[in-house]
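Visitor: Could you take me through a close look at one part of this model, and then set that part in its surroundings? I would like the packing described with some care.

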Amino acid sequence: MDTSRGGAPGETTEQVKEERVWRAGREDPMPIRDLPEAPTSLHILGPGLLLAALGVGLGETYLWPRLVILFGPEIRWLFFIGVTLQGIVMLEMARYATATGESIFFGAARLWRPIMWLFFAIAILVYIWPGHVALGAQAFESLTGISWYIFAIAGLILIGIIISFSTIVYNVVEAILSTLIGILVIGSSIIAALVGNLGFVWATITGLFTFGYFPQEAISGPQAAALFPLIVGAIAFAGPSGMQQMWYTLWLRDKGAGMGTYIPRIKGLTHMDEEETMPSRGFMFDTEDPENMRRWKGWRRWVHFDAWVLFWGITMLTTIIYTVLAQSAVQIDPGVREAILADDQGATLDGMSGAFAQAGGAVIGGLFFVFISVIGWKMTFGIFDAFSRGQADMTYYFIRPLQRVGMNRLYFAFLWFLILFGIAMLFVTGEEDGPAAILDILSVLSTFAMGAYCLLLLGTNNLLLPKKIRPNIVINILLAFAALFYLGMLAYSYFRFGVII
Amino acid sequence: MRILRVIKLPGMVTGFLTGLLVGGLAAVAGAPTGYIIVAALGLGIPLAIFGLVYDVLLDAGRIPFGRIAPTALYGILAFPIARLVQELLLTGIFGQGITLQHESGVLSFLVFQGIMGFGYGIGFLMIHSQIIEVSAWLAYRKQAKEEGNQPRTAEKRV
């Protein structure tokens, strides 16, 4: 196979005289097609909202408020850096996906297939555990007293049913996640409006810019070994954690963004007969053609709006609301901090709810549990869909015999495997090693994956794309910094304290 | 446009339900019945009215649908006013509001509620626009299909 790169897309190959292709990396060359016109107005919400909906989760509502209670709002600058880096990563993920219609996993395979299989393995290790739904259900148990197993299993089956009966799976996932995040944002704004005050907002906003602040007790002292990894874990959960950014490329494709228009979409089980033929690779547009480049700029505008307004804006907004809530809790009961320091993680959930209850009455404490339940379920819903997309994408393209099965069937095979495995795990895992323990393992591998995909993006976007649409030097430096940020923190935590999380 | 005509309700309903949520909170917190009703309606009715105005403006084409900025502005303006109405009603009738008395002044109250209103506006948009977004995107896909940018057509061209 020809592995040559470079040159303007549009070179004629020897095999197919009439067809122009772009040779990128080791896999099949991409045929040249016209880039479709970008939506003329920005108001058509992109998958950035979906990423925000998935990303706003336990990090924003649980891990970070806990850090604010422990160290004050000044610790928020780390969140600011984390989410901003995620915005950059998102733009670069979108660059590859909109230019090629391929997932970032396919991009990894173009560099070297084992890199892709590494992500395949990480995804399985990290995401087959029903950690989120279990934590959500545990919160529900605290609220109702009914065993969390029932809620967790019902939640898992509900996910399977909803997705199986969709017409176009992406549309349903988008609608459900957006609506749920809308309810969460409205609900938390109202609560914060009822318990907070202007001073807290000011402290939150200044806290976002106290760059360099690091609590002394998290670096040295008897509790450093426990506190430092807590901060590392929370940084990994700032914005979309783990592989969610990589899955964003699959959502872009199903949304039909850029060259994704040429790739068929995943349909529900009841609409499988309408499945379209999946091309064996993505496409590229002619970057020497001014008309196509004009359209490319249109797509970049759309993606920027997606990344900064929808993703970054909504994540920051939720953060401000929850920091206000956390500060209210400390103000009303300073003892909350000691309680959290002394407690194990499972009890901290109760501690947070207790803190909110003291701040705004038992109802608000209860509502905290409702929110965590909703978040736990919607995270599971979003992750199950995305995981199945990612794994189906990799197996379909790179385990050739499985192409006969088809992308759609592979997607549902992974989805129902996750659901059934999740149910089985819930029966096997006792209360002793409760859901929070699973969540910890998840955040170690998450952080590793995040550092790794920054390096991957440096490779795909600089080596596989035509020169005119590659990222500039500033973006490259920021990506390298992000890789260092995530991997460096993991390494420091390990060598300094002997623990990763 | 037919779809736009159908969605006059969501703005109103979203606003009203928000008020009910506050009433529900007060109810479970064990507040007296009268207080609960005033707290719920005091916020719910103003927000429902603002929601209705939003839908009417949307229908008249004064607000572009799905846009973040106008809806956030709507939240920043409408939410503090609705909250102030609620607090004044509660203070007037029962002698005690929810948070107004803890703030240093009406202005700082309004500013803080305005910031939270931004969140209200965004959440409102996400729920409200779901109905419209899907149809807008479908129209775009349909147009792309007519222009021959659909997968099947593209593959046949190879």
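Guide: A good place to begin is helix α8 of chain A, residues 169-195, which is mostly covered, since 21 of its 27 residues are buried. This is a predicted model, and what follows should be read in that light. The length of α8(A) can be checked against its residue count: at 1.5 Å a residue, its 27 residues should span 39 Å, and because the C-alpha atoms at its two ends are 39 Å apart, the expectation and the model agree.

The chain that holds this helix has 501 residues, of which 58% are buried, and its secondary structure comprises 18 helices and two strands. Among contacts in chain A with a separation of 6 or more, 80% are between residues 24 or more positions apart.

Helix α10 of chain A, residues 224-236, repays a longer look, and its contact with helix α2 of chain A, residues 58-71, can be taken before its contact with α18(A). The axes of α2(A) and α10(A) come within 10 Å and cross at roughly 150 degrees; an angle over 145 degrees counts as roughly antiparallel, and the two helices are therefore roughly antiparallel to each other. The crossing of α2(A) past α10(A) is left-handed. On the α2(A) side the contact is made by Gly59(A), Leu63(A), Trp64(A) and Leu67(A), which meet Ile231(A), Gly233(A) and Ala234(A) of α10(A). By class, the residues of this contact are five nonpolar and two polar, with no charged residue.

The contact of α10(A) with helix α18 of chain A, residues 473-497, has an angle of about 170 degrees, with the axes 10 Å apart, and these helices are therefore also roughly antiparallel to each other. Here α10(A) contributes Ala224(A), Ala225(A), Phe228(A), Pro229(A), Val232(A) and Ile235(A), while α18(A) contributes Met489(A), Leu490(A), Ser493(A) and Phe497(A). Nine of the residues in this contact are nonpolar and one is polar, and again none is charged.

Another pair in chain A is formed by helix α4, residues 104-111, and helix α5, residues 113-127, whose axes come within 5 Å and cross at roughly 140 degrees. That angle makes α4(A) oblique to α5(A). Phe105(A), Ala108(A), Ala109(A) and Leu111(A) in α4(A) meet Arg113(A), Ile115(A), Met116(A) and Phe119(A) in α5(A); the contact has seven nonpolar residues, no polar ones and one charged residue.

Turning to chain B, one finds six helices and zero strands, so that the pattern read along the sequence is α-α-α-α-α-α. Of its 158 residues, 41% count as buried, and 75% of the contacts in chain B between residues at least 6 apart in sequence join residues at least 24 apart. A single residue can serve as an example from this chain: Leu77(B) lies in helix α4 of chain B, residues 68-94. With 14 other C-beta atoms within 10 Å, Leu77(B) is partly exposed, because a buried residue would need 20 or more such neighbours and an exposed one would have 12 or fewer. Phe50(B) stands 27 residues away from Leu77(B) along the chain, and the C-alpha atoms of the two are separated by 9.7 Å.

Notes:
Residues are numbered from 1 along each chain as its sequence is written. Chains are lettered from A and ligands numbered from 1 in the order in which they are written. This is a predicted model: local features need pLDDT of at least 70, side-chain atom pairs count only at pLDDT 80 or more; totals for chains, interfaces and linings use all residues. Helices (H or I, at least four residues) and strands (E, at least two) are DSSP runs, numbered from the N terminus. Two residues are in contact if their C-beta atoms, placed from the backbone, lie within 7 Å. Axes are lines fitted to C-alpha atoms, for helices over the stretch in contact, and angles run from 0 to 180 degrees between N-to-C directions. Angles under 35 degrees count as roughly parallel, over 145 as roughly antiparallel, 65 to 115 as roughly perpendicular and the rest as oblique. A crossing is left-handed if the near helix is turned anticlockwise from the far one by less than a right angle, and right-handed if clockwise. Ala, Val, Leu, Ile, Met, Phe, Trp, Tyr, Cys and Pro count as nonpolar, Asp, Glu, Lys and Arg as charged, and the others, Gly among them, as polar. The expected span of a helix is 1.5 Å times one less than its number of residues.
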